[in-house]
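Grab a pencil and open the viewer. Here are some exercises, each followed by a worked solution.

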Amino acid sequence: MCKWWRHAVLECRLLFGNPVFASLPVIYAILFAMNMLNSGGGTEQNLYTMAYKFHMLGHTMTLGPAMLIGILSMRRDVLRRSFEWNHSLPVSFLTLLSSKYAVSMLYLSLFTLPTAFIFYTISISQGIAGGIAMHYTMQFAMQYEISYMVTLALAMVLGASIPNRIVYLIGFCAWMFGTFFMDIFIITQLGWYPAEVFHLNQFFIQSEALQYENWSYALISADISRSRWFVLAFTGLLLAVSLLLLNRKRPTMHVKRIWAAAVAALVLAGAIFMPYGSLWAERYEQLGSKLSDPSIGLTDDPVPATIFTVSSYDLELKRLPNDNLRVTARLRIPAGELAGKSELPLTLNRFFTLERVRIQGNDAPYRRRGEMLTISLPANSRQEIEAELVYFGSVMDYRTDYSRNDFAAFSLGDEVKLEGHMAWYPLPGHQHVYLKQVETSSPYITLARRYGIQRYSVGDMKLKVEGYSKPLYSSLKEVERGPGYQIFESKGIGQNVSLYGGSFWTEVHRPDFKVRIVTTPYLEKWAEGLLTELKGKYDYFAAWIPGMSTDIDTILCLGQGIEWPHAEHSLILSSREYTYFSSNLPGEWVNYMLFGDQPAYYGNYEHPEQDVRNKIGSLFWYVYYIEEKGLSDKQLRSAYGHLRSVQELLFKNGDGTDPQNKIGIGMARQVRRAMKEGKAEQVKKVLAHYYGHGLQFPDTERYPAMKPEAPVTYEEWVKRWKQTVGE
C-alpha cells in the first residue's frame with residue numbers, strides 16, 4: 001500500500017503541478033457560475049434548463065482534458081523508452097495503473113464538485129426545495145463522474161495500445177466521435193437510439209428528453225440506471241484490457257490471472273448489458289408488431305371513422321403497486337342509436353388486456369383486432385345500452401416517428417400522460433389510434449391524431465382516479481380530492497379526455513382568481529408573474545363583456561412535452577413548443593378563455609367578406625392594445641406582428657377576393673377612429689354582441705354532434721356597426 005501511495009503522490013505532483021491543468025477547473029467553475037447567475041424565468045432561461053444546456057457543451061469540452069490526461073499518464077513513463085529501467089522495479093502495473101486512474105479521477109472531480117455546489121446553492125437561493133435541488137444536483141454530478149470514468153479508461157487503453165504519437169490524433173477523434181458525431185449522426189440521424197449508452201456525454205445535444213423538468217429522470221429511470229451500470233462494467237473492462245496490454249511489456253507470473261480478469265470483465269459487461277438491451281428489445285418489439293399489424297392503416301389516405309353517440313362515461317382508473325392500471329369503464333348509449341345493429345364497435349388501445357365485458361349487466365362475447373373491439377349485442381335490443389368493460393395493463397407506449405424518441409402515453413409512478421386520442425378509455429366506433437408509413441427506408445408508426453381523423457361523441461363524463469401519491473390534472477373539472485383519490489366530472493362536453501401528472505409538479509394560486517397554473521419547480525417564480533398578468537388581462541375583458549365566463553380553471557405550463565398549445569375543456573395545455581415568445585403566454589391563455597380553442601379557425605382568405613368572425617375576434621385584442629397599451633398600428637406591427645390578431649387586421653394576405661386585406665385594415669381603422677372620438681363603450685358593445693353570437697369556431701368534424709356557429713358576413717358587421725356606433 002505504501003508503494004501505491006508514493007506513486008499516487010508522484011502522479012498528483014505531475015498533474016496538479018501543471019499550471020494549465022490546474023487552472024482549467026477554476027476557469028470552468030467561473031464560467032458555470034456566470035452562466036447560472038444570469039438565469040431568469042421562462043422555459044428556456046430557468047436555472048435547470050440553462051444548467052442542462054451548459055452541460056451539453058461544457059461537459060463535452062471537459063472530456064477533452066480527460067482524454068488527454070489518460071493518454072499522457074500512459075505515455076509519460078510507462079511507455080516511454082527512457083523509462084524502461086523502471087520495469088525492473090518491484091512495483092506492479094496494477095499499482096501504477098490504479099494510482100494513475102485514481103489521481104486522474106480526483107483531478108476530474110474538480111470539474112464536478114464546483115458545478116454541483118454552484119447549482120445547488122443557486123437553486124436554494126431561488127426558493128427551490130432542498131430535496132428537489134439535491135435530486136437534480138446528484139443526477140448531474142453522477143453523470144459527470146461516470147462520463148469521466150469511461151472516457152479516462154478509454155484514453156488509457158489508447159495510450160497503452162498505441163506507442164506512437166499518432167495516439168493523440170486518435171484520442172482526439174475518439175473524443176469527437178464519442179460525443180458530437182455519435183449524437184448528431186449515429187443516434188439522431190440514423191435513429192440508433194440504443195447506442196446512446198456508448199455516448200461519452202449523456203447530456204445529449206439533439207435530445208430534449210432531459211432538458212426540461214417534466215417527465216424526465218423519473219420517466220426514463222430504468223434507462224438511466226441500466227445504462228450507468230453497463231458503463232461502469234464497460235469501464236472495468238477497459239481498465240482490465242489496459243492492464244493486460246501493460247503486462248505484455250515485461251515478463252510476469254500472473255499472465256493467466258490477468259487474462260482471466262479480462263475475460264471476467266468482458267463476461268460481466270455483457271451480462272450487465274442484457275437488461276439494457278432487453279429494454280430496447282421490448283420497445284422495438286412494440287414498433288415491429290404495429291408495423292406488421294394489418295389493422296393499422298397507412299398514412300397515405302386515412303379515412304375518418306363513423307361513430308355513434310355515447311350519452312355518458314363513468315370511468316374508474318386505479319394504479320396498482322406494479323404500475324399496472326386497472327380501469328372500469330361504463331358507457332351509456334341512447335336507445336335507437338344502434339338500432340338494427342348486432343354489434344357494438346369500440347376502440348381500446350392494445351396495451352390493455354380485457355378482463356370482463358358486460359352488456360346490460362350480462363357477460364357478452366367479443367373479439368379484438370388491434371385497437372378495434374367488437375362486442376356482440378342482445379338480439380332485438382331497443383332500449384338504452386349499458387356497457388361495462390374492465391381492463392388492465394402497463395402503459396409505456398414508445399414511438400420514434402419524426403425523429404422523436406419518446407413515449408406517446410405512459411403511467412410510471414406519478415409520471416402520467418394519458419391523452420384521449422390514445423384510446424385509454426373506449427372510444428365509439430372502430431377508429432385508428434396509430435398509422436404507419438412503410439414505403440420509406442425507415443418505416444415508422446405515427447399517431448392518427450396528426451391526421452385529424454379521430455371522432456368523439458358529445459355527452460357527460462365522470463372519472464375517478466386512485467393509487468397516485470401526487471395529484472393528477474384532467475381536462476375534466478375536478479370536483480373532489482381526497483387522500484389517494486380524485487374525482488373529475490363535466491357535462492355536455494366533447495368526450496376527448498386527457499390525464500396528466502408529474503412527480504415534482506407544483507400549483508401556483510392567487511386567492512382572488514379561480515385559475516391556477518400547474519408547472520415545475522424551476523418555473524414556479526416565473527409562473528407567479530404570468531398568473532398576475534393573466535388576471536389583469538382577464539379582468540380587463542370581464543369588465544365589459546356581459547356574462548363572460550370560462551370553464552378553464554387549470555393551466556398546465558410545462559417546458560416540453562405538449563406538442564402544441566391548446567385548450568381542452570377546463571384545461572389549457574401549454575409548453576415551449578410552438579410558442580415563440582414566452583411573454584405572450586398570458587395573452588394566449590386569455591384568448592382560450594374568451595374563445596376556447598377555436599379548432600375550426602381559419603383565415604378565410606379566399607372570400608373574407610363571407611365570414612369576418614376571425615377579424616371580429618381579433619378586434620377584442622386590438623381594443624386592448626389601444627386602450628391598455630396605447631400602441632399605434634406601426635408599433636403593433638413591429639412588436640406584435642407575429643400574433644394572429646395583428647396579422648388578421650393589419651397585414652396584407654395577398655390571396656382571395658381581398659388580397660390587400662381591405663376588410664381587416666378597414667375594420668381596424670373604424671375601431672381606432674371611433675375610440676379616438678370617445679366611442680369606446682359603443683365599440684365594446686358591438687364586440688360584446690358578437691361575443692354572445694359565438695366566436696369559438698367549434699370543431700364539428702372531430703365532434704359531429706356539435707352545432708356549427710352561424711357566420712357573420714362583412715355586410716352584417718357594417719350594419720351592426722352603423723346601428724351602434726354610427727358612420
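**Exercise 1. The interface of domain 1 and domain 2**

How many salt bridges does the rule find across the interface of domain 1 and domain 2? Work out what else is at that interface.

Solution, step by step:

- Keep in mind that this is a predicted model.
- Start with the bounds. The chain is split into domain 1 (2-288), domain 2 (296-497) and domain 3 (608-724).
- Next, look at who takes part: domain 1 brings 10 residues to the contact and domain 2 brings 15 residues.
- Now the salt bridges. With a cut-off of 4 Å between a side-chain nitrogen of Lys or Arg and a carboxyl oxygen of Asp or Glu, the count between domain 1 and domain 2 is zero.
- Polar contacts do turn up: two residue pairs make them between domain 1 and domain 2, both at pLDDT 80 or more.
- Sort the domain 1 side that touches domain 2, and you get seven nonpolar residues, one polar and two charged.
- Then the area. About 1,300 Å² is buried between the two domains, and carbon and sulfur atoms supply 64% of that.
- Finally, pick out the big contributors in domain 1: Trp 215, Leu 219 and Leu 287 lose the most area to domain 2, together 48% of what that side buries.

**Exercise 2. The eight-stranded sheet**

In what order do the eight strands of the open sheet run, and what is the pairing? Find the edges too.

Solution, step by step:

- Trace across the sheet and you read E6-E5-E9-E3-E2-E16-E19-E18, with mixed pairing.
- The ends of that order are the edges: strand E6 (362-363) and strand E18 (478-482) each have a single partner strand, so one side of each has no neighbour in the sheet.
- Zoom in on one pair. Strand E2 (residues 312-319) runs antiparallel to strand E3 (residues 325-333), with eight bridges between them.
- To get the register, use Leu 317, whose bridge partner in E3 is Val 327.

**Exercise 3. The four-stranded sheet and its hairpin**

Which strands are at the edges of the open sheet of four strands? Follow the pairing through E8 as well.

Solution, step by step:

- The order here is E7-E8-E4-E13, and the pairing is antiparallel.
- Strand E7 (366-369) and strand E13 (427-428) are the edge strands, each pairing on one side only.
- Take one side of E8: strand E4 (residues 343-347) pairs with strand E8 (residues 372-376) over five bridges, in the antiparallel sense. Leu 346 sits opposite Leu 373 of E8.
- Take E7: four bridges tie this strand to E8, again antiparallel. Here Leu 373 in E8 is the bridge partner of Arg 368.
- Check the turn. E7 and E8 make a hairpin with two residues between them, and Gly 370 in that turn has a positive phi of about 65 degrees.

**Exercise 4. The surroundings of Glu 709**

Which side chain does the side chain of Glu 709 join in a polar contact of 2.8 Å?

Solution, step by step:

- Locate the residue: Glu 709 is in the loop between helix H15 (680-693) and helix H16 (714-724).
- The partner side chain is that of Arg 613.
- Look for backbone atoms too. A polar atom of the Glu 709 side chain lies 2.9 Å from the backbone nitrogen of Gln 696.
- Leaving out residues up to four places away in sequence, Glu 709 touches Arg 613, Gly 694, Leu 695, Gln 696, Phe 697 and Pro 698.

Technical notes
Residues numbered from 1 in each chain as written. Predicted model: local features only at pLDDT ≥ 70, side-chain atom pairs only at ≥ 80, totals over all residues. Heavy atoms only, no water. Pairing = 2+ DSSP bridges. Domains from an automatic or database assignment. Contact = heavy atoms within 4.5 Å. Buried area = accessible area lost by both parts, 1.4 Å probe. Polar contact = N/O pair within 3.5 Å; in protein donor to acceptor, adjacent residues only side chain to side chain. Nonpolar A, V, L, I, M, F, W, Y, C, P; charged D, E, K, R; others polar.
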